[in-house]
Structure formats: structure tokens, C-alpha cells
Amino acid sequence: MKEEQKKLYTLLVYSENVAGILNQVTAVFTRRQVNIESLNVSASSIPGVHKYTITAWSDEDQIIKITRQIEKKVDVVKANYFTDDQLFIRESGLYKLATEKLMENPEISRTIRRHDASITEVNPTYVIVMKYGLTEDIISLFRALDAFGCVLQYTRSGRIAVTRGKQEQVSEFLEEREKQNG
């Protein structure tokens, strides 16, 4: 039997705002020996419900099992997995650059502009550059800046994503549950 190709999947998990749920969710990945690539947790548009955006490389079989296990958790409202074409995705990157090197080499500023990034702070020691976009755009700017030897620090956020549908699937789920309970 041929092994299924691994792809990057994004899970959107909605849960009650309860202490310990993050540990329960990440434990599902740990038990299945699947590494989490990025994790972003924030309040959702629904009061009292938090949204976890988790990315992981996996095959579809495994990601289905992980999603089902997460959804069985008591405080999880809904969990779904998606491929990149089903989502609108963004990330941000912060780059701390040596001011002296930036001032010496005008090509660094041109590189920042070519990558549609913006300088958000300048002082005698460092310059902060911010970039929003897809993961590969964030990494591409890092590689370009790093080649100049000017990067003092670099970090990127976890992925944030919304579905391409009209409303979040959790909203539909909650509406259905309300009808059944009402």
C-alpha cells in the first residue's frame, strides 16, 4: 500500500474559554506524533468561544482522526480541517535590523519596499520592519534581509485564517444546536 502524501493542513478549533483545553488539544497531536507547525489562539467572533488555528503536516487519514479526537473533548464546540485553498490566510513577520547596516546599504531599503514591508520604528541601534502576508512571503523577506547580514532578530506569528464561506462553520453548528435545544 502506497503511503499517502503529507500536506499542510490547517485546523480551526472552537472551544469554550476554559483553562487546560489548549493542553488537551495539543496532546492529541503529541499522541499521534504529529508536530504542530504553528498555533494561534484568540477570542473568536462568538462571545465565550475561543478559536485555535493550528497547522500541521500530515496525511488526510491522520488529520481526520486528529480532528475527530479533538472534537470529542468536552469543552470543544467544533473542529474542522482545511487545505490552503479553502481558507484566506495571513501571517505577520517582525524583523529587527541593525540601523548602521541599513544606513550603509541602500539595497536593504529597496528590498524592504520590493517585499511590500514597512518600517515601523527607527532608532540609532535598530530598525523594526513589519510584513503581512503568506508564510512564504514572510520567509522570503527574512532570507533576503539575512543575506545582507543585518538581521538582529526575527519572528513570525502563527497563521491566522478564515474560511472562504460566508460565515464560520461554527456559527452554523451553533445555530443548529440552538434550534435542537430550543
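Here are four short exercises on side-chain pairs in this structure, which is a predicted model.

**Exercise 1. Classify the two ends of the Lys 78–Glu 71 salt bridge as buried, partly exposed or exposed.**

Step 1: Start with the pair itself. Lys 78 and Glu 71 bring their side chains together in a salt bridge, with N and O 3.4 Å apart. That passes, because the cut-off is within 4 Å.

Step 2: Now take the lysine. Its relative accessibility is 18%, so Lys 78 counts as buried.

Step 3: Then the glutamate. Glu 71 comes out at 30%, so it goes down as partly exposed.

While you're counting, the model has five salt bridges by this rule.

**Exercise 2. Work out which strands the Glu 91–Arg 156 salt bridge links, and how buried each partner is.**

Step 1: Check the distance. The closest N and O atoms of Glu 91 and Arg 156 sit 2.7 Å apart, and the pair forms a salt bridge.

Step 2: Place the partners. Glu 91 belongs to strand β5 (residues 87-98) and Arg 156 to strand β8 (residues 151-156). With their positions 65 residues apart, the pair links distant parts of the chain.

Step 3: Look at accessibility. Glu 91 has a relative accessible area of 4%, so it is buried. Arg 156 has 34%, which makes it partly exposed.

**Exercise 3. Find which residues share a salt-bridge network with Arg 114.**

Step 1: Begin with one bridge. The side chains of Arg 114 and Glu 107 meet at 2.8 Å, N to O.

Step 2: Compare the ends. Arg 114, at 54% relative accessibility, is exposed, whereas Glu 107, with a relative accessible area of 25%, is partly exposed.

Step 3: Extend the picture. Salt bridges with shared partners put Glu 107, Arg 110 and Arg 114 in one network.

**Exercise 4. Describe the surroundings of Thr 55.**

Step 1: Locate the residue. Thr 55 is part of strand β3 (residues 49-58).

Step 2: Is Thr 55 buried or exposed? Its relative accessibility is 3%, so Thr 55 is buried.

Step 3: Pick out the polar partner. The Thr 55 side chain makes a polar contact with the side chain of Ser 38, at 2.8 Å.

Step 4: List the neighbours, skipping anything within four places in sequence. Thr 55 is then in contact with Leu 8, Tyr 9 and Thr 10, with Asn 35, Ile 36, Glu 37 and Ser 38, and with Arg 159. Ser 38 thus turns up both as a contact and as the polar partner.

Definitions and conventions:
Residues numbered from 1 in each chain as written. Predicted model: local features only at pLDDT ≥ 70, side-chain atom pairs only at ≥ 80, totals over all residues. Heavy atoms only, no water. Buried < 20%, exposed > 50% of the residue type's maximum accessible area, 1.4 Å probe, protein only. Helix = DSSP H or I, 4+ residues; strand = E, 2+ residues; numbered from the N terminus. Polar contact = N/O pair within 3.5 Å; in protein donor to acceptor, adjacent residues only side chain to side chain. Contact = heavy atoms within 4.5 Å.
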